[in-house]
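The following exercises concern one residue and one ligand. Work through each task before reading its solution.

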Amino acid sequence: MNASVASLPGAGRPAAYAAGLPTPPRCLVMGVLNVTPDSFSDGGRWLDGPAAVAHGLELAAQGADIVDVGGESTRPGADRPPVAEELRRVLPVVRELVAAGVVVSVDTMRAAVAEQALDAGARMVNDVSAGCADPGMLSLVAAVGVPYVGMHWRGHSDRMQDAAVYDDVVVEVVAHLRRRAEAALDAGIRPAQLVLDPGLGFAKEPAHNWALLGRLAEVVALGHPVLVGASRKSFLGSLLADPVTGDPRPPAEREAATAAVSTLCAAAGVWCVRVHEVPPNLDAVRVAARWAAEAR
Ligand code: PMM
């Protein structure tokens, strides 16, 4: 592990944190704020600016360490918004949350959006493409020096599920993340800035997501902080399908399963979980930290 990457106290495992963000002695909780008409579980709920700001403040008041503001849905099959529309959705919300003292990350694949959100006070960039979607992203992040989440990604949402084919998903995701980390460092991003994410639900069938969760140690072993976004995703809906009809459990009823995943992620040394509902997941990571404090 790089010398500039510090240990997370209390986690009982070699976890790490990204420079410049809160450092509670537990796995962090990132609250999701999708300012989009079409995200899979909350599309349209926070599209109106004041409603989005109110929800972001609510997430922070509930204890979210970071609020992740995004203006592009990455739901399988989604079309991309024009850059001007993404900026129109995201910037006013970032500005108001920052003014209220909230630690904001911007969920975007576009360097232009990241740059303006950082100018507006965002403290982290969450790029689900890890620099693959926009060749300007890595150099921007290197120049600004903020923490950066790079996720495993195999193409834009309109076609990503066609790419959900692997021999060994964990080996292939880890190899891809290693290559993206090298690209980030080559572009001048410092190791302590870089967070990696296995990208649950992005070009993944349910079995792929479960394999990545069951073998998270292989992702953590890359030596960077790890972020996991399992919240309400469809692989949880399939697992909990109605035994009679076979219908998947609806997204709003996947919270207990999400919290279970957060507990296990925290126990596995994950740095941050990205979730829609803060309270049950904050409880979950606090339980995991207290448990780990006794482990020998
Ligand atoms: N998932 C979504 C959006 N952004 N960012 C990261 N780093 N990791 C994720 O798993 C992730 C993400 C899609 O979920 P949403 O529609 O609930 O935001």
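A residue is near a molecule if one of its heavy atoms lies within 4 Å of it. The model is predicted: local features need pLDDT of at least 70, side-chain atom pairs count only at pLDDT 80 or more, and totals for chains, interfaces and linings use all residues. Residues are numbered from 1 along each chain as its sequence is written, and side-chain values use heavy atoms, with hydrogens and water left out.

**Exercise 1.** Determine which residues come nearest to the ligand.

Solution. Step one: the ligand has 17 residues around it. Step two: those that come nearest are Asn-126, Asp-197, Lys-233, Arg-274 and His-276.

**Exercise 2.** Decide whether Arg-274 is buried or exposed, and find its side-chain partner.

Solution. Step one: buried means under 20% relative accessible area, exposed over 50%, partly exposed in between (1.4 Å probe, protein chains only). Step two: Arg-274 has 14% relative accessibility and therefore counts as buried. Step three: the side chain of Arg-274 makes a polar contact of 3.2 Å with that of Asp-107; such a contact is a pair of N or O atoms within 3.5 Å, and within protein, one must be able to donate a hydrogen and the other to accept it, while residues adjacent in sequence count only if both atoms are side-chain atoms.

**Exercise 3.** State which ligand atoms lie by the polar side-chain atoms of Asn-34, Asp-107 and Asp-197.

Solution. Step one: for Asn-34, an oxygen atom of the ligand lies 3.0 Å away. Step two: for Asp-107, a ligand nitrogen atom is at 2.9 Å. Step three: for Asp-197, a nitrogen atom of the ligand lies at 2.6 Å.
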